[in-house]
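Here are some comments for a first-year reader who has the sequence and the model open side by side. Please take the points in order and find each residue in the model as it is named.

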Amino acid sequence: MLKVLNIVGARPNFMKVGPIVEAMNRRSDRFTQLLIHTGQHYDAAMSDAFFEDLDLPRPHRYLGVGSGSHAVQTAAVMTAFEPIVVEKKPDWVLVVGDVNSTLACALVCSKLGVKVAHVEAGLRSRDRTMPEEINRLLTDQIADLLLTPSTDADDNLRAEGIPDERIRFVGNVMIDSLYKQLERANRSEIREQLGVAEKNYAVLTLHRPANVDDKDTLAGIVGALQEIATKLPIVFPAHPRTRKALETFGLTSRLEQQLNLKVIEPLGYLDFLRLYSGARLVLTDSGGIQEETTVLGIPCLTLRNNTERPITIEMGTNVLVGVTPARILDAAFSALNSIEMKEKPRVPPLWDGKAAERIVDALQEF
Ligand code: UD1
């Protein structure tokens, strides 16, 4: 019997861990698992809604670390998590993605000699000003088992000197949740509630510190959005960080002036899936949304200068646009003017809804 602590902390973790918890529960003769929520994200809309939508069981432990500077948040997770590892003596701790909770929990385990599995290992933006890139690099260095979503990630890990025995290409577990919830999401009435018609609106998300914490960058993006909204309504579920930044920089009223730009609260998993799956265009600086739009064949403009998910550009619908207003406008209008999508969307290998099974196989076999 393998005892595993599965870690969730922030919004993009829940849809990755959900299918893994289920797969372990299906093999209850081989696994006992405990779900630990660090509390990095704590708002109902950023956390609770996902437990309901993804049928995640209530966490066994909630660490309640909340917000803070990177040092404060990372240290708070480590301090709260260490006694749990000492008490529970797990065989494995499984961390996902690249948030501060991911690195903090991996670091605790490496010092206690407890094995760590990292899901979504090997992604690299090669931009060390992103906190997530530091979290990815360090977590991959100390984790014992590196479970990758695409083979470019395997190459990145090998190039950093990580031996093949520690690497397993398992595919993209976020897509397990997408396929599983698609039908349920179709029952959401979010489009009707917002008064938008299929293929006749854009969806925007924005939360990267590089985009929202700098006044000029954010003002530039807002200006471009106002212009796009004159041609196509935009729905913008705003992250709390972004909402605060818009207020601080006095940009909220500029956004609200534009009737075709609806700023709404962050959405749960099902409503958000329903919303972007019917969009004509998605504009985002998120990582996961680049992948989800690729699978569904929705055109995606990524408002960043780099991506750790290049396969979404090579095979999928993603275009890296950057954040200068002229380039955002160019890319948006050329996407709107192209009548047909290039070809049928191509889904990357092993983004097939079965990654969680391969992850638990890998843990069993390691
Ligand atoms: C974190 C992750 C990022 C991920 C994002 C998804 C890190 C370094 N960053 O960024 O990779 O893409 O989550 O959302 O781990 N806040 C609330 N309520 C909440 C959570 C946050 O109001 O439930 C506010 C707080 O003011 C907080 C700020 O948002 O200071 C930022 O939260 P934090 O967890 O530090 O980082 P994110 O920007 O959410």
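**Notes on the ligand site, the cavities and a salt bridge**

1. The shell around the ligand is made up of 20 residues, and among these His-41, Glu-132, His-207, Arg-241 and Lys-244 come nearest to the ligand. Please keep in mind while reading that this is a predicted model, and that every value quoted below is computed from it.

2. Which atoms of His-41, Asp-43 and His-207 approach the oxygen atoms of the ligand? In the case of His-41, a polar atom of the side chain lies 2.7 Å from an oxygen atom of the ligand, and for His-207 a polar side-chain atom is found 2.8 Å from a ligand oxygen atom. Asp-43, by contrast, takes part through its backbone, where a polar atom is 2.9 Å from an oxygen atom of the ligand.

3. How much of the ligand does the protein bury? The ligand taken alone exposes 730 Å², and the protein buries 89% of that area.

4. It helps to trace the shell back to the elements of the chain. Two or more residues of the shell around the ligand come from each of α3 (70-88), α5 (131-142) and α11 (240-248), and α11 gives the most, with 3 residues. Sorted by class, the residues of this shell comprise 9 polar, 6 charged and 5 nonpolar ones.

5. Turning from the ligand to enclosed spaces, a search of the whole structure finds 3 cavities of 30 Å³ or more. The largest cavity holds about 50 Å³ of space, and its lining includes Lys-16, Val-119, Glu-120, Leu-147, Thr-148 and Pro-149, together with Gly-171, Asn-172, Val-173, Met-174 and Glu-291. By class, that lining divides into 5 nonpolar, 3 polar and 3 charged residues.

6. The second largest cavity also has a volume of about 50 Å³, and it is lined by Arg-243, Leu-246, Thr-252, Leu-255, Glu-256 and Val-263. Which elements supply at least two residues each to this lining? They are α11 and α12 (252-257), with α12 giving the most, namely 3 residues. A student may wish to note that α11 has appeared already, as a contributor to the shell around the ligand. The classes in this second lining are 3 nonpolar, 1 polar and 2 charged residues.

7. Finally, a search of the whole structure finds 26 salt bridges, and one of them is worth following along the chain. In this salt bridge the side chains of Glu-357 and Arg-27 meet, with a distance of 2.7 Å from N to O. The two partners belong to distant parts of the chain, 330 residues apart: Glu-357 is in helix α17 (residues 355-365), whereas Arg-27 is in the loop between α1 (11-26) and β2 (31-37).

How values were computed. Residues are numbered from 1 along each chain as its sequence is written. This is a predicted model: local features need pLDDT of at least 70, side-chain atom pairs count only at pLDDT 80 or more; totals for chains, interfaces and linings use all residues. Side-chain values use heavy atoms; hydrogens and water are left out. A residue is near a molecule or strand if one of its heavy atoms lies within 4 Å of it. A polar contact is a pair of N or O atoms within 3.5 Å; within protein, one must be able to donate a hydrogen and the other to accept it, and residues adjacent in sequence count only if both atoms are side-chain atoms. Accessible areas come from the Shrake-Rupley method with a 1.4 Å probe; for residues, only the protein chains shown count as cover. Helices (H or I, at least four residues) and strands (E, at least two) are DSSP runs, numbered from the N terminus. Ala, Val, Leu, Ile, Met, Phe, Trp, Tyr, Cys and Pro count as nonpolar, Asp, Glu, Lys and Arg as charged, and the others, Gly among them, as polar. On a 1 Å grid over the protein atoms alone, a cavity is a set of points where a 1.4 Å probe fits but cannot get out, and a pocket is an open set with protein on both sides within 12 Å along at least five of seven lines; lining residues have an atom within 4 Å of a point. Grid points are joined across faces, edges and corners, and a volume is the space filled by probe spheres set on the points. A salt bridge is a side-chain nitrogen of Lys or Arg within 4 Å of a carboxyl oxygen of Asp or Glu.
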